[in-house]
Amino acid sequence: MSVTVRAPAKINLYLGVGPRRPDGFHPLATVYQAVGLYDDVTVTDAEDWSVVLSEPIAGVPLDDSNLAVKAGRALVAHHGIDRRARIEIHKGIPVAGGMAGGSADAAATLVALDRLWELGTSDHDLLTLAAGLGSDVPFALVGGTAAGSGRGEVVTPLQDDGSWWWVVVPDDEGLSTPSVYAAYDRLHPSPPVPEIPAVMYDALRRGVPDHLAVAVRNDLEDATLDLRPELEDTLQAGMRAGAIIAMVSGSGPTTLYLCEDADNARAVAAALRDGHPDVRVAAAPVAGAHVVSYA
Ligand code: C5P
């Protein structure tokens with residue numbers, strides 16, 4: 001018996017970052033959106049914990065440091081049971097790209113093991129376990145479009161009446177999230193407490209790309225560009241190709257291009273494909289972690 005759960009990548013339409021807290025995290029005022037790039041996680045009962053990738057990918061740990069194994073261990077500890085599983089991950093989300101792929105795997109593992117072992121974990125407990133695993137894990141459970149506060153782990157669904165089209169350009173070389181936050185601290189020693197502006201809520205309710213374009217913001221962008229200045233060329237190429245707005249995804253180095261519609265997105269992707277063979281088109285918003293097959 002095995003269960004497969006699919007979990008989406010996230011982007012941050014708005015990422016306001018406040019001053020570093022005593023615990024090392026930063027207070028966020030963020031708007032998450034789940035986009036149609038997915039990891040599929042298949043869990044099967046086993047003698048011991050293991051992680052298997054459907055194809056080898058550099059930068060994804062296969063030992064206990066993988067967030068999916070931590071998720072499994074946390075779920076087992078929560079229920080006080082002695083079970084283990086083999087966790088197979090089929091990655092469709094760029095690795096170390098600022099799209100929360102590891103968080104998606106952790107969220108998918110929680111849901112998959114809950115179903116496999118028929119634990120009946122409440123939504124509240126799943127969200128609490130998710131928050132203990134990482135700042136972005138609760139949103140991977142919830143999906144759609146949502147506000148994130150605290151260090152990002154407090155998630156509130158938002159009304160989003162748009163059908164958004166994004167071009168996503170992954171980068172060969174990942175970036176570590178802590179290094180980007182450290183660069184942010186260097187560049188902004190005392191930033192103001194962040195807040196999501198009314199214009200963002202309004203743009204989501206109206207579903208008009210031109211309105212969203214003036215509301216998006218990523219406070220980590222200058223830190224990411226400080227570490228990877230060459231990304232500026234990609235952002236400019238996307239604008240020249242006809243995107244409405246170009247931005248860094250979360251802590252990067254993946255970059256995002258908001259497009260008018262599906263045709264516009266395909267045209268922008270085609271123009272960027274030359275230097276970036278991994279370029280993708282993704283629709284949004286999409287669902288959070290959900291079961292796709294039992295076997
Ligand atoms: O929560 P998560 O494990 O994903 O965070 C990874 C790292 O990113 C943290 O150790 C911290 O350096 C940084 N971070 C932060 N403030 C946040 C979220 C993450 O400084 N709100």
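**Notebook: the ligand site and a few odd backbone spots**

I began with H26, and a polar atom of its side chain lies 2.7 Å from an oxygen atom of the ligand. Note to self: this is a predicted model.

I then looked up how much of the ligand gets covered. On its own the ligand exposes 450 Å², and the protein buries 74% of that.

Next I checked S135. An N or O atom in the side chain of S135 is 2.5 Å from an oxygen atom of the ligand. G24 joins in through its backbone: a backbone N or O atom there lies 3.5 Å from a ligand oxygen.

Which residues are around the ligand? I wrote down G24, F25, H26, L28, G134, S135, R151, T177, P178 and Y181. Sorting this shell by type, I got four nonpolar residues, five polar ones and one charged.

Where does the ligand sit? I found it in the largest pocket.

I also wanted to know which element gives the largest share of the shell. That turned out to be helix α5, residues 177-187, with three residues.

Why does the ligand lie between domain 1 and domain 2? Domain 1 (2-158) and domain 2 (164-284) both give residues to the shell, so the ligand lies between them.

After that I left the ligand and went through the backbone. A reminder I keep for this part: most peptide bonds are trans, and most residues other than glycine have a negative phi.

I looked for exceptions and noted these.

- The peptide bond from G252 to P253 is cis, with omega near 5 degrees. I located P253 in the loop between β9 (245-248) and β10 (255-259).
- A284 and P285 are also joined by a cis peptide bond, and omega there is about 0 degrees. P285 is in the loop between β11 (280-284) and β12 (290-294).
- A100 is not a glycine, yet its phi is positive, near 60 degrees. I traced A100 to the loop between β4 (85-90) and α2 (101-116).

Terms used: Residues are numbered from 1 along each chain as its sequence is written. This is a predicted model: local features need pLDDT of at least 70, side-chain atom pairs count only at pLDDT 80 or more; totals for chains, interfaces and linings use all residues. Side-chain values use heavy atoms; hydrogens and water are left out. A residue is near a molecule or strand if one of its heavy atoms lies within 4 Å of it. A polar contact is a pair of N or O atoms within 3.5 Å; within protein, one must be able to donate a hydrogen and the other to accept it, and residues adjacent in sequence count only if both atoms are side-chain atoms. Accessible areas come from the Shrake-Rupley method with a 1.4 Å probe; for residues, only the protein chains shown count as cover. On a 1 Å grid over the protein atoms alone, a cavity is a set of points where a 1.4 Å probe fits but cannot get out, and a pocket is an open set with protein on both sides within 12 Å along at least five of seven lines; lining residues have an atom within 4 Å of a point. A molecule sits in a cavity or pocket if more than half of its atoms lie within 2 Å of its grid points. Helices (H or I, at least four residues) and strands (E, at least two) are DSSP runs, numbered from the N terminus. Ala, Val, Leu, Ile, Met, Phe, Trp, Tyr, Cys and Pro count as nonpolar, Asp, Glu, Lys and Arg as charged, and the others, Gly among them, as polar. Domain bounds come from an automatic or database domain assignment.
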